[in-house]
Amino acid sequence: MTIDRIVNQKILLQTSNHPTPHLETELEIMQRLLEQGNTIYWMICRGDFQSCFHNPEHKIMHCQVCHSRVNKGAQVLKESVEHHQNLHIIHYRDYLSLADFKKNYQASSLVFDSIDQLKSHQYKNYDHGLATMSSLVSYTRDHRPDLRKYQDFIQRGLLTGAYLYDTFDLVTDQIKPDLVILFNGRFIENRPLLRICEHKNIPYATHERGGKMKNFLFRFNSIPHSFEAIAQEIQTLWQKNDPRREEIGAHFYNKRVKRVEDAWYSFTKNQKYGQLPASFEQNKDKKIITIFNSSLDEYEGLSGFGPKFYPNDNDGILQLCESLRAFPNIKVYMRVHPNLKGIDNTQNRFINEKLKQSNIEIIAPEDVVDSYELVHKSDIIIVFTSTVGIEAAFAGKKVVLLGRAAYESLDCAVIPQSHDELMTILTDENYVFPSINPENPLKFGYWFESYGIDYKYYQPQGISKGLYLGQRIKANFILRRIKRLAKWF
């Protein structure tokens, strides 16, 4: 099914992440669906979330500005759509007030001694702790946050998730939607709705940014991060036999090397073309292995991610380096992900305190060393989940994948099953890397350039700004001014 084939249905759409382009994407989705004869129940927060991605500290002025912007979007939508009478705006408190819910919910007694204990916490059939952990990690940018320090956030997150789970249970019973639409599905404020849909067998769709600024992702019965769904999409798109598919696939890689910002910010735009580490020349006669790590906070709150046989990326890299001490003919570099620049978190402290003491040479996230030149001059590339792995494969390099990645099904990297097997791959001169079908990296590039639905009514003017029906959707000017003043003071 595609969005254009959804007709004459009753749809529940939750709005939860309001920065551009996400609110505008929801307006786009609703306008299309209303034009196709659907009835929409648009569920809007009026400060009901005690914590959310956009306002993790539950600041009142943030809530006011957010609600004002959503109201502006609703006004524009109603003025523009012929069947606007089929749009019903509903609120959480219409079904269950937070005050009433709190009478029977004792979150304040929940104290967790470990991250694993928090992540395994359940509320009814809902993975309560994992969703809270996912939001906490995104808020702190730390994959191992101090639970005591953020106890207030955890309590508010658990309260919000449990409240929303029970509220959505009531909402879906009363509305009986044919389809539910929500943002992302990873965070405190939308994971409960996703789980209710799964438990009640209600079809749902998630939305997110698309592969390019001009489009958005709209995926049925799956979250945007599902590797299984991505693998299926890659093959389905390729099998359409677009005569330009190979050209488009190659264009993806060429844009990355040129630092083009089309779907998201380029993490390599400040790097100096052709720049290698100062020590590279003196090590050119050795086997060069370069590790590209990932920022652990990006997937810590998701189940099924991470390395296959190491506790996490950091521990795996340390164990790998310790094992390679016995091989003086091997030089190991690690390019720290540019997204970790300037962040004081557990991952960076581990790199600075533990990995720098090993035999690995660290290339800092702010270093101007050219990642693509490093790929080109290295003998083996090791990644955990980074797209650098598939980019290196496209460049004809030997790639080892230690975690999970969107391209894992394309046979573009060797995927060892143990540390011992990894050491054989890296050190045995008789080990032969399997040849790569050159079509496979092109499949990924073509998918990245092609997936998603082109906007009809939203016009992006940058990664985080644009016009919906020719208008910029803004909150009330006075509220925005007060919010800025409050932030300044």
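# Exercises on cavities, pockets, helices and sheets

The count comes to one cavity of 30 Å³ or more. The structure is a predicted model, and the exercises below begin with this cavity.

**Exercise 1.** Describe the largest cavity by its volume, its lining and the strand that contributes most to the lining.

*Solution.* Begin with the space itself: the largest cavity holds about 80 Å³. Next, list the residues around it. The lining consists of Pro21, Arg209, Gly210, Lys212, Met213, Asn215, Ala263, Tyr455, Tyr458, Pro460, Gly462 and Ile463. Then sort these residues by class, which gives seven nonpolar, three polar and two charged residues. Finally, assign them to elements: strand S13 (residues 458-462) supplies the largest share, three residues.

One lining residue, Pro21, deserves a further step. Pro21 sits in the loop between S1 and H1, and a cis peptide bond with omega of about 10 degrees links Thr20 to Pro21.

**Exercise 2.** Determine the strand order of the seven-strand sheet and locate its edges.

*Solution.* Read the order across the sheet: S3-S2-S1-S4-S5-S6-S12, an open arrangement with mixed pairing. The ends of this order are the edge strands, S3 (87-91) and S12 (453-454), each of which pairs on one side only. Now examine the S12 edge. S12 runs antiparallel to strand S6 (residues 215-220), and two bridges join them. Asn215 has Asp454 of S12 as its bridge partner; Asn215 also belongs to the lining of the largest cavity.

The last step is to place a helix on the sheet. Helix H1 (residues 22-35) packs on the sheet and touches strands S1 (10-14), S2 (39-44), S3, S4 (179-183), S5 (204-209), S6 and S12. The direction of H1 makes about 160 degrees with that of S2. Before S1 comes the segment that holds Asn8, a residue with a positive phi of about 50 degrees although it is not a glycine.

**Exercise 3.** Which elements each supply at least two residues of the lining of the second largest pocket?

*Solution.* First take the volume, about 690 Å³. Of the 19 lining residues, those closest to the centre of this pocket are Met1, Thr2, Phe218, Arg219 and Glu233. The elements asked for are S6 and helix H8 (227-238). Of the lining, H8 gives the largest share, five residues. By class, the lining comprises nine nonpolar, six polar and four charged residues.

**Exercise 4.** Classify the packing of H8 against H15 from the angle and distance between their axes.

*Solution.* The axes of H8 and H15 (residues 439-450) lie 9 Å apart and make an angle of about 95 degrees. Angles of 65 to 115 degrees count as roughly perpendicular, so H8 is roughly perpendicular to H15. The contact itself involves Ile230, Glu233, Ile234, Gln235, Leu237 and Trp238 of H8. From H15 come Glu439, Leu442, Lys443, Phe444, Tyr446, Trp447 and Ser450. These contact residues divide into eight nonpolar, two polar and three charged. Glu233 thus appears in this contact and among the residues closest to the centre of the second largest pocket.

**Exercise 5.** Explain why S9 and S11 stand at the edges of the five-strand sheet.

*Solution.* The order of this open sheet is S9-S8-S7-S10-S11, and its pairing is parallel. S9 (360-363) and S11 (398-401) each have a single partner strand, so one side of each is left without a neighbour in the sheet. From one strand to the next, the twist averages 25 degrees. For S11, the pairing is with strand S10 (residues 380-383), in the parallel sense over four bridges; Val383 stands opposite Leu401 in S11.

How values were computed
Residues are numbered from 1 along each chain as its sequence is written. This is a predicted model: local features need pLDDT of at least 70, side-chain atom pairs count only at pLDDT 80 or more; totals for chains, interfaces and linings use all residues. Side-chain values use heavy atoms; hydrogens and water are left out. Two strands pair if DSSP finds at least two bridges between them. Contact means heavy atoms within 4.5 Å. Axes are lines fitted to C-alpha atoms, for helices over the stretch in contact, and angles run from 0 to 180 degrees between N-to-C directions. On a 1 Å grid over the protein atoms alone, a cavity is a set of points where a 1.4 Å probe fits but cannot get out, and a pocket is an open set with protein on both sides within 12 Å along at least five of seven lines; lining residues have an atom within 4 Å of a point. Grid points are joined across faces, edges and corners, and a volume is the space filled by probe spheres set on the points. Ala, Val, Leu, Ile, Met, Phe, Trp, Tyr, Cys and Pro count as nonpolar, Asp, Glu, Lys and Arg as charged, and the others, Gly among them, as polar. Angles under 35 degrees count as roughly parallel, over 145 as roughly antiparallel, 65 to 115 as roughly perpendicular and the rest as oblique.
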